[in-house]
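Me: I have a model open on my screen and would like to talk through the words used for it. Could you take me through the reasoning step by step?

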Amino acid sequence: MDPIGMAFLGAGVAAVGVLGGGIGVGIVGGKAVEAIARQPEAKGDIMSTMIIGIAFAEVTSLYALIVSILLLFVV
Amino acid sequence: MHISPPEVFQFTISNQTYSVTMSIIMQWVIMAVIIALVLLLTRNLGKIPSKRQTVIEMFVNMFNKLIGENLGESYKKRFVPFIGTLGIFIGFMNLTGLIGFAPSTRDINVTATLAIIAAVVINGTAIIRNGMGGYLHGLTKPFAFILPMNIIEKVTVPLSLCLRLFINMLVGVIFMELTYMALGYFAFIIPIPLHFFFDLFVALIQTYVFVMLTVVFTKTSVEE
């Protein structure tokens, strides 16, 4: 077994964790669109809350991505 | 391929070698640019605003509104200068990808420093507003059991602020380098939308997110 090859394989497996963040961001964006469609005058408030929600959902997938990047470039 | 910024020069003080990297040089340049812009744009302000002054006032009012709506009127005097400086500085650092230099914020040392500054402000505001006793009492809410969790939260908040900005910018840098590597001499039109997305859209969104999260965390830590 080649250790470099195994590290690359691990990087690929770690990047699967990005899936969860994508689903989370999709749900946040979809619900925000529903809320704006129901109440268009509250668009500004909904948008800023949405961006905060996306930031929280996104960071979990970024942790998976950092593991992948570390395996690719540092190990 | 390298993910750490290139080193420009080194100097040694009492057997300790310090290396100055590209991200520090870019920060110096950005500081000089901001100082020059501020001095140029705020010359002869008047009661009746000129075109230039109207734009500056819109910009300042944006930060005034952000603090006033999210934190409250009593925070305006202390927080608008700090949050405004933070936002402008991070914004300039993220946007340097547009002129061909990798953003300084793809260096984890830069974002870690920014996150430590944010953490000091978040906890310092809570201590000033509630007093030391109130701050320590707030750690044991809702019940004393949860004290370790609250202490861990004090560490994870700046950690997540730091990693969020760092990873988002690093992914942009890596993706652009891979694109240019794959295209070779034929890199004409294809990189333009990618530059637009990574160096403009993501950069501005991440600036907004960093500033906004600092404000939100300050608010929650004061209310605890």
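Reply: Happy to! Keep in mind that this is a predicted model. A good place to start is B:Leu161, which, leaving aside its neighbours within four places in sequence, is in contact with B:Ala115, B:Ala118, B:Phe210 and B:Leu213.

Me: What makes B:Leu161 and B:Ala115 count as being in contact?

Reply: The cut-off is that C-beta atoms, placed from the backbone, lie within 7 Å. B:Leu161 and B:Ala115 are in contact, so their C-beta atoms lie within that 7 Å.

Me: Which residues have the most contacts inside the largest nonpolar core?

Reply: They are B:Ile67, B:Ile83, B:Leu161 and B:Phe210, in a core of 35 residues. Helix H5 of chain B gives the most to this core, with eight residues.

Me: How do you know that B:Ile67 is buried?

Reply: B:Ile67 belongs to the largest nonpolar core. Such a core is a set of buried residues, therefore B:Ile67 is buried.

Me: Why is B:Asn44 called exposed?

Reply: B:Asn44 has 7 C-beta neighbours inside 10 Å. A residue is exposed if that count is 12 or fewer, so B:Asn44 counts as exposed. B:Asn44 sits in the loop between helices H1 and H2 of chain B.

Me: And where the chains meet, how many residues does each one bring?

Reply: Chain B brings 13 residues and chain A brings nine. On the side of chain B that touches chain A, H6(B) gives the most, with six residues. That side divides into 11 nonpolar residues, one polar and one charged.

Note on methods
Residues numbered from 1 in each chain as written. Chains lettered and ligands numbered in written order. Predicted model: local features only at pLDDT ≥ 70, side-chain atom pairs only at ≥ 80, totals over all residues. Contact = placed C-beta atoms within 7 Å. Helix = DSSP H or I, 4+ residues; strand = E, 2+ residues; numbered from the N terminus. Nonpolar A, V, L, I, M, F, W, Y, C, P; charged D, E, K, R; others polar. Buried ≥ 20, exposed ≤ 12 C-beta atoms within 10 Å, placed from the backbone. Core = buried A, V, L, I, M, F, W, Y, C linked by C-beta atoms within 7 Å.
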